[in-house]
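Here is a set of short exercises to try with the sequence and the model side by side. Work through each task on your own, then compare with the solution beneath it.

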Amino acid sequence: MDLGGTNFRVCSIKLHGDTTFSLTQSKVAIPRELMVAKTSQELFSFLAKQIESFLKQHHNDHFEGFHQKREAGQDLTDEHFFKLGFTFSFPVNQIGINKGHLIRWTKGFDIADAIGKDVCALLQAEIDALHLPVKVAALVNDTVGTLMARSYTSPGKTGTLLGGIFGTGTNGAYVEKLDKVTKLKKMEVKGDFDSTTGNMIINTEWGSFDNEMSVLPNTPYDDALDKESNNPGIQMFEKRVSGMFLGEILRRAILAMIKDGKTELFSDESSKTNDVHSTCTIADDSPLYKQWGLDTSFLSIAHGDQSQGYRITRQALSKDLGVDAASSEDAEAIKIITEAIGKRSARLSAVAIGAVIIATGNLTLTAGEAVDDEHKQLIEEEVVDVGVDGSLVEYYPGFEQYVRDALREIEGIGEKGEKRIRIGIAKDGSGVGAALIALVAGGIDGP
Ligand code: BGC
């Protein structure tokens, strides 16, 4: 199951063992009130109930069989339980494969009593309260899932270096040599991990890069967005990059232009004459006046608009934002601001991707330094493989191209390096990756 974006998903996955898989899923939007519930129990019991209805709908034979056995007092062993991979995409201090304490919430979630608790235990308690045949076998960040899924689904041998999410939030996870993970020696609670491969997957939580704002670009709109968010001063990189925030930056920029009479946005002469009898109007209840009222999907529409007179953007202004009879100049202005916001997001994303590639020395490694055989093959083929997922990479026009343009400008990557970077979508990565990890963590027995 997957918690951490706009939707909550429960899926069951059959891995065919040949890079392919089949997936059955149910998806619900997380009710906003649960994101800021008074107690974590409210959220986790909702999640457990979703698992219950999923099992009833898609695995009813097993579900019923399990309950009959339980009621008859029969012994229930591991193979009676589904192994659950729990993709929980928030910063966690992970101390075991199915154990991790929540450090802080992000992306609009805010439930104080969960901080510091083991999120797997919170979930298992609610699953057990409903007597479901499910054991939480693995705790997985969505970036780690993406990295795993990309490695599984890419044809041929792949030693994927980095899994990145550019969706509601942003983050990346990559493969590091164990002896470079100095934090392990300093950890107060010693983690439980398998050291046989000599590698460790690092969840960078780059969304909180430069919270002190020493290098990140800043505008009055970023500042105001941050101050009025429920986690001011945190996730400063994410607040300039990811889907949850881009719409809000645009909304604030538009409002500032409307207030500043000099720009004539939505009030220039042509918007008055453009549509013979109409004057541009903004509805009193326009989402433009509400915090988070402007969805990032609007940016994708405006940014990609090639229609004559920006008809598509004008339609979206009317339908989504209650701005009627905007002129083509108005729409063009919106498109220009949108491009600036989208391009900045993509270029910052390139900074994060480029940083991992440079820090791991992947463009300069020799075969002898590879972390494993698959990696060695990639080094020989001169490819650095990156798996990505999320609404920006999937739907934002030209996102990858902007990332690539910026990668070429980074010292240490350049044109030659950029060509060697292979970026591929790992669709549903967080679900498939969690299943892969649950499988490995829980052993192969099970329904
Ligand atoms: C979270 C990360 C997550 C990312 C993408 C961020 O807000 O802190 O853990 O990977 O969003 O979902």
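## Exercise 1: A residue with positive phi

At 1% relative accessibility, Gln235 counts as buried. The model you are looking at is a predicted one.

**Task.** Find where Gln235 lies and describe its backbone phi.

**Solution.**
- Step 1: Start with the location. Gln235 sits in the loop between helix 7 (220–227) and helix 8 (238–241).
- Step 2: Turn to the backbone. Gln235 is not a glycine, yet its phi is positive, at about 55°.
- Step 3: Add the accessibility. The value of 1% falls under the 20% cut-off, so Gln235 is classed as buried.
- Step 4: Look at a second case. Ala325, a residue other than glycine, has a positive phi near 60°. Ala325 belongs to the loop between strand 12 (323–324) and helix 13 (328–359).

## Exercise 2: Around the ligand

**Task.** Which of the 15 residues around the ligand come nearest, and which atom of Asn141 lies 2.8 Å from a ligand oxygen atom?

**Solution.**
- Step 1: List the closest residues. Of the 15 around the ligand, the nearest are Thr106, Asn141, Asp142, Glu205 and Glu238.
- Step 2: Check Asn141. The atom is a polar one of the Asn141 side chain, 2.8 Å from an oxygen atom of the ligand.
- Step 3: Check Asn171. Here too a polar side-chain atom is involved, lying 3.0 Å from a ligand oxygen atom.
- Step 4: Check Phe90. In this residue a polar backbone atom is 3.3 Å from an oxygen atom of the ligand.

## Exercise 3: An enclosed space

**Task.** How many cavities of 30 Å³ or more are there, and which residues lie nearest the centre of the largest cavity?

**Solution.**
- Step 1: Count. There is 1 cavity of 30 Å³ or more.
- Step 2: Give its volume. The largest cavity holds about 90 Å³ of space.
- Step 3: Name the lining. It has 14 residues, and those nearest the centre are Ser89, Lys107, Thr170, Asn171 and Glu238.
- Step 4: Sort by class. The lining of the largest cavity contains 3 nonpolar, 7 polar and 4 charged residues.
- Step 5: Link back to the ligand. Asn171, one of the residues nearest the cavity centre, also has the side-chain atom at 3.0 Å from a ligand oxygen atom. Glu238, another of those lining residues, is among the residues that come nearest the ligand.

## Exercise 4: The second largest pocket

**Task.** What is the volume of the second largest pocket, and which element gives the most to its lining?

**Solution.**
- Step 1: Take the volume, which is about 1,200 Å³ for the second largest pocket.
- Step 2: Find the centre. Of the 39 lining residues, Gly5, Thr6, Asn7, Thr168 and Ser391 lie nearest to it.
- Step 3: Look for elements that give two or more residues to this lining; among them are strand 2 (7–15), strand 3 (21–29) and helix 9 (243–259).
- Step 4: Pick the top contributor. Helix 15 gives the most, with 4 residues.
- Step 5: Sort by class. The lining of the second largest pocket has 11 nonpolar, 16 polar and 12 charged residues.

## Exercise 5: Two residues of one loop

**Task.** Are Lys107 and Arg104 buried or partly exposed?

**Solution.**
- Step 1: Place them. Lys107 is in the loop between strand 6 (99–102) and helix 4 (119–129), and Arg104 is in the loop between strand 6 and helix 4 as well.
- Step 2: Compare with the cut-off. Lys107 is buried because its relative accessibility of 7% is under 20%. Arg104, at 22%, counts as partly exposed.
- Step 3: Look for distant partners in sequence. Lys107 and Ser229 are 122 residues apart along the chain, with their C-alpha atoms 9.5 Å apart. For Arg104 and Asn231, 127 residues apart in sequence, the C-alpha separation is 9.3 Å.

## Exercise 6: Cysteines

**Task.** How many disulfides does the structure hold, and how far from Cys11 is the nearest cysteine sulfur?

**Solution.**
- Step 1: The count of disulfides is 0.
- Step 2: Cys11 is in no disulfide, and the nearest cysteine sulfur, that of Cys120, is 16 Å away.
- Step 3: Cys11 is buried, with 17% relative accessibility. Cys280 is buried too, at 11%.

Conventions:
Residues are numbered from 1 along each chain as its sequence is written. This is a predicted model: local features need pLDDT of at least 70, side-chain atom pairs count only at pLDDT 80 or more; totals for chains, interfaces and linings use all residues. Side-chain values use heavy atoms; hydrogens and water are left out. On a 1 Å grid over the protein atoms alone, a cavity is a set of points where a 1.4 Å probe fits but cannot get out, and a pocket is an open set with protein on both sides within 12 Å along at least five of seven lines; lining residues have an atom within 4 Å of a point. Grid points are joined across faces, edges and corners, and a volume is the space filled by probe spheres set on the points. Ala, Val, Leu, Ile, Met, Phe, Trp, Tyr, Cys and Pro count as nonpolar, Asp, Glu, Lys and Arg as charged, and the others, Gly among them, as polar. A disulfide is a pair of cysteine sulfur atoms within 2.5 Å. Buried means under 20% relative accessible area, exposed over 50%, partly exposed in between (1.4 Å probe, protein chains only). A residue is near a molecule or strand if one of its heavy atoms lies within 4 Å of it. A polar contact is a pair of N or O atoms within 3.5 Å; within protein, one must be able to donate a hydrogen and the other to accept it, and residues adjacent in sequence count only if both atoms are side-chain atoms.
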